[in-house]
Amino acid sequence: MNGNRLRELRLSKGLTQSELGKLLGVTKASICCYEKETRTPPIETIIDMMALYNVTSDYLIGSDNIVTIEDKKITKNEVISNEEFEFIKELRKNKYLAEILLEDPKRSIELIDKKIG
């Protein structure tokens, strides 16, 4: 389990470790251990956390990132891989290249594919 994510999710709901423990039927000490990554929650608790936070198990274990995309007041949640997330972070470091690629993403991908293909 990704302890940092568990803590961030708990705090985003405005819950203390004790309050979350009561919701999940575990002790405050268990929540603390999950967040410190010294204990792994049982599958039943993981399923309860998925339902409570409306996230995937991949997100809880830290294998993917959930990104919220806002488009004309419509919000969608998409799961992207760590590699995709790292690519976006690196692209943002080069503002000029990012602007060119994002101006027309479909055309940009076609040009890149043609160049390396």
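Let us begin just after helix α3, where Glu 37 takes a positive phi of about 60°. Please keep in mind that this is a predicted model.

From Glu 37 we step back into the helix. Which residues of α3 are buried? They are Ser 30, Ile 31, Cys 33, Tyr 34 and Glu 35. The cover over these buried residues includes α1, α2 and α4.

Cys 33 deserves a closer look. Its relative accessible area is 18%, so it counts as buried. Why does Cys 33 not form a bond with Cys 32? Cys 32 holds the closest cysteine sulfur, yet that sulfur lies 5.6 Å from the one in Cys 33. A disulfide requires the two sulfur atoms to be within 2.5 Å, and therefore this pair is too far apart for a bond. By this rule, the model has zero disulfides, and Cys 32 is accordingly in none.

I turn now to the interior. In soluble globular proteins, nonpolar side chains tend to be buried together. Here, the largest nonpolar core has 14 residues. Those touching the most other members are Leu 6, Leu 9, Leu 20, Met 49, Tyr 53, Val 55 and Leu 60. At least two residues of this core come from each of α1 (3-12), α2 (17-24), α3 (28-36), α4 (43-53) and α5 (57-61). The largest share, three residues, is supplied by α4.

Finally, consider Met 49. Which residues does Met 49 contact, leaving aside its neighbours within four places in sequence? Met 49 is in contact with Leu 6, Leu 24, Pro 41, Asn 54 and Leu 60. Of these partners, Leu 6 and Leu 60 also appeared among the core residues I named a moment ago.

Methods
Residues numbered from 1 in each chain as written. Predicted model: local features only at pLDDT ≥ 70, side-chain atom pairs only at ≥ 80, totals over all residues. Heavy atoms only, no water. Core = buried A, V, L, I, M, F, W, Y, C linked by side-chain atoms within 4.5 Å. Buried < 20%, exposed > 50% of the residue type's maximum accessible area, 1.4 Å probe, protein only. Helix = DSSP H or I, 4+ residues; strand = E, 2+ residues; numbered from the N terminus. Contact = heavy atoms within 4.5 Å.
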